[in-house]
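Please read the points below with the structure open beside you. They deal with aromatic rings, and then with a single histidine and its surroundings.

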Amino acid sequence: MRFLVASDLHGDSYWTERVLEAFKNEKANKLVLLGDILYHGPRNDLPTHYEPKKVISLLNPMADKILAVRGNCDTEVDQMVLKFPILADYIYLVSGETTFFATHDHTFGPNCLPVSFPESSVLLAGHTHIAGDKEISDPETGISIRYMNPGSPSIPKEGSIPSYILIEDGNAVIKPL
């Protein structure tokens, strides 16, 4: 199973199309969206190609291939127009011997790990719009885990470039779009 992980599309049709091209080119089986799919939020500038209706039309035909979690900009209204579930705070993915905890980072994240986070798992989170791959430690348990963020293709921040994460056989790598 090959997973392509993206986050924070924020209704940008151009970058949604680029993500879907990468999905096809990588021959991925599932597209994992880490939230903030349609709305840009009050703290962000309007994305250049802000067309949430077009994003809906691009994603809905792929509903059976999409796994998604709720971002802080996603609402029940968004769920009414998207044909795949988006309101879960997190999902688990298993690839090879590795468990991935996928979330947006406004409820769980590197500063608020879930209580039962297994060691050797990988935390996948978006929200910051900054792509990254690093080891973090939980100050309460001392457990060290890998934290990966695909960044945001539509509104990258702090010099981050549009990117995604590709997962296969327990291995995960950040790739530019």
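1. Tyr92 is a useful place to begin in this predicted model, and with a relative accessible area of 40% this tyrosine counts as partly exposed, because buried is reserved for values under 20% and exposed for values over 50%. Phe101, by contrast, is buried, with a relative accessibility of 1%.

2. A search of the whole structure finds 6 aromatic pairs. One of them joins Tyr14 and Trp15, whose ring centres lie 5.0 Å apart and whose planes stand at 90°, so the pair is edge-to-face. Tyr92 and Phe101 also form an edge-to-face pair, with 5.2 Å from centre to centre and 75° between the planes.

3. The rings of Tyr92 and Phe101 belong to one aromatic cluster, in which Tyr90 and Phe108 also take part.

4. Tyr14 deserves a second look, since this residue is partly exposed at a relative accessible area of 33%, and Arg18 lies over the face of its ring, at 4.4 Å from the ring centre.

5. Where in the chain is His129 found? His129 sits in the loop between β6 (122-125) and β7 (132-137), and this histidine is buried, because its relative accessible area of 2% falls under the 20% limit.

6. The side chain of His129 is joined to that of Asp8 by a polar contact of 3.2 Å. Leaving aside residues up to four places away in sequence, His129 touches Asp8, His10 and Asn44, and also Gly151, Ser152, Ile155, Pro156, Lys157 and Ser160.

Terms used:
Residues numbered from 1 in each chain as written. Predicted model: local features only at pLDDT ≥ 70, side-chain atom pairs only at ≥ 80, totals over all residues. Heavy atoms only, no water. Phe/Tyr/Trp six-rings, centres within 6.5 Å; stacked < 30°, edge-to-face > 60°. Buried < 20%, exposed > 50% of the residue type's maximum accessible area, 1.4 Å probe, protein only. Lys NZ or Arg CZ within 6 Å of the ring centre and 35° of its normal. Helix = DSSP H or I, 4+ residues; strand = E, 2+ residues; numbered from the N terminus. Polar contact = N/O pair within 3.5 Å; in protein donor to acceptor, adjacent residues only side chain to side chain. Contact = heavy atoms within 4.5 Å.
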